[in-house]
Amino acid sequence: MSITDILSPSDVAAALRDCQAPDSFSHKKFFQISGMSKKSSSQIKDIFRLLDNDQSGFIEEDELKYFLQRFECGARVLTTSETKTFMAAADHDGDGKIGVEGMKAEMIK
């Protein structure tokens with residue numbers, strides 16, 4: 001399974017175009033443009049599994065910086081400030097990891 005089995009390739013491309021410049025990434029805007037915010041709970045869990053590169057059940061900060069590359073190989077790496085902002089928003093218990101529920105809560109806000 002790939003991201004484009006769940007999300008429209010044109011929506012993903014539009015979301016990636018929107019945040020090409022360093023420090024232009026907003027996870028909430030990315031979720032909206034890509035269509036992630038409109039997906040069912042089951043589809044969000046599937047997307048999360050695809051984003052969880054090491055399949056640990058969590059997305060850690062070192063994985064999060066490569067978030068955009070999970071959508072397209074040549075996409076840029078998130079900047080340190082983008083990564084920290086995203087982590088702070090989705091890491092609801094402050095353990096330095098984002099679980100599927102934290103990601104889901106950010107997607108549907």
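Is Q55 buried or exposed? In this predicted model, Q55 counts as exposed, because its relative accessibility is 51% and the cut-off for that class is over 50%. The residue sits in the loop between α3 (41-51) and β1. Its backbone is worth a look too: Q55 has a positive phi of about 55 degrees although it is not a glycine. As background, most residues other than glycine have a negative phi. D23 is another residue with a positive phi, here about 65 degrees, and it is likewise not a glycine. D23 is placed in the loop between α1 (9-18) and α2, and with a relative accessibility of 52% it counts as exposed.

Helix α5, which spans residues 80-90, offers a view of the interior. Its buried residues are E82, T83, F86, M87 and A90. These residues lie on the same side of α5 because they cover an arc of only 130 degrees around the axis. A general feature of helices helps in reading this pattern: an α-helix has 3.6 residues a turn, so residues three or four places apart point the same way. On the other side of α5, the exposed residues are T80, T85 and A88. As for what the buried residues of α5 pack against, the partners are the helices α2 (27-34), α4 (61-64) and α6 (100-107), together with the strands β1 (59-60) and β2 (97-98).

Aromatic side chains come next. The structure holds 9 aromatic pairs. One of them joins F30 and F71 in an edge-to-face arrangement, with 4.9 Å centre to centre and 70 degrees between the planes. This pair links distant parts of the chain, since F30 belongs to helix α2 while F71 is in the loop between α4 and α5, 41 residues apart. Both F30 and F71 are buried. F31 and F67 also form an edge-to-face pair, at 6.4 Å centre to centre and with 75 degrees between the planes. Because F31 lies in helix α2 and F67 in the loop between α4 and α5, this pair ties together parts that are 36 residues apart in sequence. F31 is buried, its relative accessible area being 0%, and F67 counts as buried at 3% relative accessibility. The four phenylalanines just described belong, with F25 and F86, to one aromatic cluster. F86 has already appeared above, among the buried residues of helix α5.

The last set of positions comes from a database record. In an unreviewed UniProt entry, the annotation "binding site" covers D91, D93, D95 and K97. Of these, D95 is located in the loop between α5 and β2 and is partly exposed, with a relative accessible area of 37%. K97 is part of strand β2. This lysine is partly exposed as well, with a relative accessible area of 29%. Leaving aside residues up to four places away in sequence, K97 touches F58, I59, E60, M87 and D91. Two of these contacts connect to points made above: M87 is one of the buried residues of α5, and D91 is covered by the "binding site" annotation. The contact with F58 has a particular geometry, in that K97 lies over the face of F58, at 4.4 Å from the ring centre.

Terms used. Residues numbered from 1 in each chain as written. Predicted model: local features only at pLDDT ≥ 70, side-chain atom pairs only at ≥ 80, totals over all residues. Heavy atoms only, no water. Buried < 20%, exposed > 50% of the residue type's maximum accessible area, 1.4 Å probe, protein only. Helix = DSSP H or I, 4+ residues; strand = E, 2+ residues; numbered from the N terminus. Arc of directions from axis to C-beta. Contact = heavy atoms within 4.5 Å. UniProt positions renumbered as here; feature names shortened; annotations may be inferred. Phe/Tyr/Trp six-rings, centres within 6.5 Å; stacked < 30°, edge-to-face > 60°. Lys NZ or Arg CZ within 6 Å of the ring centre and 35° of its normal.
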